[in-house]
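The following questions and answers concern the structure shown below. Each answer proceeds by short steps to the value or name requested.

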Amino acid sequence: MEIDILTLFPEFFTGPLSQSMLRRAQHLGRVRFRVLNLREFTTDRHQVTDDRPFGGGPGMVMKVEPLVAAIRGVRGEDPATWVILLSPAGELFTQKKAGELAQLTHLLLICGHYEGVDDRVRHFINEEISIGDYVLTGGEIPALVVLDAVTRLLSGVLGGEGAAVEESFQTGLLEYPHYTRPREFEGLEVPEILLSGDHARIARWRRREALRRTAHRRPELLAKAALSREDREFLATLTENTTEDR
Ligand code: SAM
């Protein structure tokens, strides 16, 4: 997969793209990142990318011409490029959306700044994505959120093949709790069943803990999750008073 990032702050990406899973994914040849500097798509001597808003008001607005020149440049190289504008007014980013984007071959992520972008840019993109109901200074962190969530879903990127399959949201539920050594820490014990070696019982316990955690923390997710009869019977045994261990 190819992921291009259009930004006024290319150096923002140097650290994150060269660490951990994102670094490994590139070395494995599963993804190619390219950071494009918006200033390089300007045509004036001062490489101006923003201007005052029509109608007045505070702040600056990113100009439409360099943004569209960049979009056309990337689409000129690859007409299949899917262009995403990061924006607090976009569709809320979810694990489901990450899965859909991971099926594509080429993304262009556009990072806004200042008050945002000239609204006419919307005619030249495929979609707008928000990473949550809060406002960040620029689209760089949202772009990293999106590309991280997408890249780790590309086949072969995560070590254990099942690692991404069981994670929170992937099954429609929050994930079950994890433990590692030591078996006891300041009086807190690892659940006995995880030490039993009985894989079928462990799988059943994990499913139930995922259901319990989801029911307590994010009950609205249960409405869309794929639940078996056994899952429903277990959920029916949970009372309002049942809480997770603390
Ligand atoms: N004036 C804009 C508003 O009220 O919606 C906020 C602009 S924000 C300071 C600058 C840029 O940061 C946006 O153009 C967008 O690219 C990015 N951004 C900020 N918060 C975001 C979020 N929650 N999701 C995605 N992008 C965001």
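Q: Is the crossing of α6 and α7 left-handed or right-handed?
A: The model is a predicted one. In it, helix α6 covers residues 199–217 and helix α7 covers residues 229–237. The crossing that α6 and α7 form is right-handed.

Q: At what angle do helix α6 and helix α7 pack?
A: Two packed helices are described by the angle between their axes and the distance between the axes. The axes of α6 and α7 are 10 Å apart. The orientation of α6 to α7 is oblique, and the packing angle is about 55°.

Q: Which residues in α7 are met by α6?
A: From α6, the residues involved are Arg204, Arg207, Arg208, Leu211, Arg212 and Ala215. By class, the contact of α6 with α7 has four nonpolar, no polar and six charged residues. On the α7 side, the residues met are Glu230, Asp231, Phe234 and Leu235.

Q: What is the orientation of α2 and α5 to each other?
A: Helix α2 spans residues 20–27 and helix α5 spans residues 140–151. Their axes come within 10 Å and cross at roughly 55°. Angles of 65 to 115 degrees would count as roughly perpendicular and those under 35 as roughly parallel. The two helices α2 and α5 are therefore oblique.

Q: Which residues of α5 make the contact with α2?
A: Helix α2 passes α5 in a left-handed crossing. From α2, the contact is made by Met21, Leu22 and Ala25. By class, the contact of α2 with α5 has four nonpolar, one polar and one charged residues. The α5 residues that make the contact are Leu147, Asp148 and Thr151.

Q: Which residue in helix α2 has a positive phi although it is not a glycine?
A: Most residues other than glycine have a negative phi, and most peptide bonds are trans. In helix α2 lies a residue with a positive phi of about 50°. That residue is Ser20.

Q: Which residues are joined by a cis peptide bond?
A: The omega of this bond is about 5°. Pro182, one of the two partners, is found in the loop between α5 and β8 (184–185). The cis bond joins Arg181 and Pro182.

Q: What distance separates the centres of domain 1 and domain 2?
A: The domain assignment gives domain 1 as 2–151 and domain 2 as 184–245. Taken over C-alpha atoms, the separation of their centres is 39 Å.

Q: What is the radius of gyration of the chain?
A: The chain has seven helices and nine strands. For 246 residues the globule rule gives 18 Å, and the value for the chain is well over this, so the chain is more spread out than a compact globule. The C-alpha trace spans about 70 × 40 × 35 Å along its principal axes. The radius of gyration is 23 Å.

Technical notes. Residues numbered from 1 in each chain as written. Predicted model: local features only at pLDDT ≥ 70, side-chain atom pairs only at ≥ 80, totals over all residues. Heavy atoms only, no water. Axes fitted to C-alpha atoms, helices over the stretch in contact; angles between N-to-C directions. Helix = DSSP H or I, 4+ residues; strand = E, 2+ residues; numbered from the N terminus. Parallel < 35°, antiparallel > 145°, perpendicular 65-115°, else oblique. Left-handed = near helix turned anticlockwise from the far one by under 90°. Contact = heavy atoms within 4.5 Å. Nonpolar A, V, L, I, M, F, W, Y, C, P; charged D, E, K, R; others polar. Domains from an automatic or database assignment. Rg over C-alpha atoms; globule rule 2.2 N^0.38 Å.
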